[in-house]
Amino acid sequence: MIGYGIGTGGEDKQTLKVAASPTPHAEILEYVEKHLAAKEGLKLDIRKFNDYVVPNTATESGEVDANFFQHKPYLDDFNKKQKTHIRPVVNVELEPLGLYSKKEKSLKGIGSGDTVAVPNDSTNEGRSLHLLADHGLIELKPGAGPEATLGDIADKKGLEFKELEAAAVPRALDDVDAAVVNGNYAVDADLNPAKDALVAEKAKGNPYANFLAVKDGHQDDPRIRKLAKLLNSPQVKRFIEDKYQGAIEPAFGPVGS
């Protein structure tokens, strides 16, 4: 499913067209639109997408002015494979990856013979495997990078793995012993990494913060600068903390190289 309204409405030069995933990205943008944008003379046309490809291709083509849905490892991989020129502007939030189980109450309960569901896209599968390795559930081969796959596991320690599309992983919790779920999909499934996860990623120094992004050359568009400032405002920090209760965490500031 792709977004609505590409090429319709909001065509005046003052309106900034932004492609975003529904949760939490569009929700954060809608808060900015309703409470902060008018004071800065900014108009937003928020376009929602349920996939991770069209927001970038629409930004590259100029159908939208910016997007807000992705992290740096995903964008680097996308630009390389698709020959696009999308650049990050400012970090906004982190969706901590967490390991969840409906069958076990603690990490100690997960072990040999259990099946663990993981996202099947290159970025999030590697991220999931590193989370499991960091907590001793598996061992990765030396040098396994951020895009590690099941083939990079040196020792499964008896675990079996089920690869699924990221959006489908939460629905598999009834059928597996544990599952590694992206923060945005956890929110949709009423899961909170701060409360419900057996283990979850830490926000500090995490390379997977989600950011506002534009086509290269548009970073200094005054409208983009205004939106970046608002997305890193104290009001947005409070909104994220209050609404998501740790399921999504503020992660403001410049995007690391």
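**Close-ups of the empty spaces**

About 130 Å³ of space lies in the largest cavity. These legends take you through a predicted model, starting with that enclosed space and moving on to the largest pocket.

**View 1. The largest cavity and the residues about its centre.** Searching the whole structure turns up 1 cavity of 30 Å³ or more. Its lining is made up of 14 residues. If you would like landmarks, look for Tyr52, Phe69, His71, Asn124 and Asn210, which lie nearest the centre of the largest cavity.

**View 2. What builds the cavity lining.** Two elements, β3 (66-71) and α4, each contribute at least two residues to the lining of the largest cavity. Strand β3 has the largest share, with 3 residues. Sorted by class, the cavity lining holds 8 polar residues, along with 3 nonpolar and 3 charged ones.

**View 3. The largest pocket and its lining.** Here the space amounts to about 190 Å³. Around the largest pocket you will find Gly126, Arg127, His130, Leu131, Asp134 and His135, together with Ala200, Glu201, Lys202, Asn206, Pro207 and Tyr208.

**View 4. Helix α4 at the pocket.** Which helix gives the most to the lining of the largest pocket? That is α4, spanning residues 122-134, with 5 residues in the lining. Helix α4 is also one of the elements supplying at least two residues to the lining of the largest cavity, so keep it in sight when you go back to View 2.

**View 5. The pocket lining by class.** The lining of the largest pocket divides into 4 nonpolar, 4 polar and 4 charged residues. Among the residues to pick out in this view are Arg127, Glu201 and Lys202.

Key
Residues are numbered from 1 along each chain as its sequence is written. This is a predicted model: local features need pLDDT of at least 70, side-chain atom pairs count only at pLDDT 80 or more; totals for chains, interfaces and linings use all residues. Side-chain values use heavy atoms; hydrogens and water are left out. On a 1 Å grid over the protein atoms alone, a cavity is a set of points where a 1.4 Å probe fits but cannot get out, and a pocket is an open set with protein on both sides within 12 Å along at least five of seven lines; lining residues have an atom within 4 Å of a point. Grid points are joined across faces, edges and corners, and a volume is the space filled by probe spheres set on the points. Helices (H or I, at least four residues) and strands (E, at least two) are DSSP runs, numbered from the N terminus. Ala, Val, Leu, Ile, Met, Phe, Trp, Tyr, Cys and Pro count as nonpolar, Asp, Glu, Lys and Arg as charged, and the others, Gly among them, as polar.
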